[in-house]
Amino acid sequence: MVLRGDIAIVKTVDVFTPIVDDPYIQGKIAACNSTSDIYAMGVLDITGALVILGIPESLPLEVSREMLRGFQDFCRGEGTTIIGGHTILNPYPLIGGAVVGVGKKEDILTKGGAREEDKIILTKPLGTQTAMALSRVEPEYVSLLDIEDKEKEKIVNKAIELMTLSNRKGLLALRELEREVGKRIGHAMTDITGFGILGHGNEVAKKSNVEIEIHTLPVIKGTERLAPLFGHPLLEGYGAETAGGLFISIEREYAEDLVEKLQKYGCYGFEVGKVKRKGVGKAYLSKDVKIVSVE
């Protein structure tokens, strides 16, 4: 982040290998994932994205075009666009973006502002890692998981829905609520990605020097049963997510209002934890953590 007077310029880079077979959807997922860090810092306006694309020589040109089309379509939905980028030859496909956002200094939210008695709100259920692992199980082995084809399809489609659901909507909901109450009620924020809800919760706890208790884990229905079979620590709070939801530390009396506002904006909203006290710098799961299945 760079500050110029009252203006904040935020930048992020994110690149990863495809996790779905459809190149158009993969482009949208990559764009959603790349833009998420900007929104997680409280910035709504993205000036543009530089696409980073790695392709094998043998990859059909149409596949590259579809990935770029998906990326651009997502960006246009966010009110921004691809402004350039770089393509390299690579043994396997890669796609991602360098994204720049501009906002007011006063709008910036970091991981370091959580306060005692805040509530923690999560804007997407968890479980995309397990859902994507399920999508890659060969048909002859699916029977070992004791899962019907319809259930498998439902889990995978829910993950794709979540990985292409922009966190801009969640931030818009928070900003609208703040305008209504006339003050800043969001104190800290991040997004849930590779370190899981507990990993990123610990980042907020350490930066804010507080204790955070996670009492609820909302998950894609079915992933709570499948995660242990794949060796994924989803139920321990460390399941990796792609383009996961916002993790918001909010003034406690407005938690229910934010959940309602999120739903108005077409988002999910779950109260998943609370900030208990200062001077600890740690997040943890409740001993009786509640697992909520989301269809």
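Author: A quick word before we start: UniProt annotations may be inferred rather than shown by experiment. Also, this is a predicted model.

Reader: Which residues does the UniProt annotation "domain: PurM-like C-terminal" cover?

Author: That label comes from an unreviewed UniProt entry. Over the stretch it marks, the chain is 43% helix and 22% strand, with the end C-alpha atoms 13 Å apart. The residues covered are 115-283.

Reader: Where does the domain assignment put domain 1 and domain 2, and how far apart are their C-alpha centres?

Author: The assignment gives domain 1 as 2-107 and domain 2 as 118-293. Their C-alpha centres lie apart by 22 Å.

Reader: How much area is buried between domain 1 and domain 2?

Author: Start with the contacts: 19 residues of domain 1 touch 22 residues of domain 2. Carbon and sulfur atoms give 60% of the buried area. The total comes to about 1700 Å².

Reader: And in domain 1, which residues lose the most area to domain 2?

Author: Three residues together make up 31% of what the domain 1 side buries. They're Ile19, Tyr39 and Leu44.

Reader: How many salt bridges are there between domain 1 and domain 2?

Author: Take arginine 184 and aspartate 107, whose side chains meet in a salt bridge at 2.2 Å, N to O. Aspartate 107 falls within domain 1 (2-107), and arginine 184 within domain 2 (118-293). The count between the two domains is two salt bridges.

Reader: Which residue in S9 stands opposite threonine 190?

Author: Threonine 190 sits in strand S7 (residues 186-191), where six of six residues are buried. S7 runs antiparallel to strand S9 (residues 246-250), joined by five bridges. Opposite threonine 190 is phenylalanine 247.

Note on methods. Residues numbered from 1 in each chain as written. Predicted model: local features only at pLDDT ≥ 70, side-chain atom pairs only at ≥ 80, totals over all residues. Heavy atoms only, no water. Helix = DSSP H or I, 4+ residues; strand = E, 2+ residues; numbered from the N terminus. Buried < 20%, exposed > 50% of the residue type's maximum accessible area, 1.4 Å probe, protein only. Pairing = 2+ DSSP bridges. Domains from an automatic or database assignment. Contact = heavy atoms within 4.5 Å. Buried area = accessible area lost by both parts, 1.4 Å probe. Salt bridge = Lys/Arg side-chain N within 4 Å of Asp/Glu carboxyl O.
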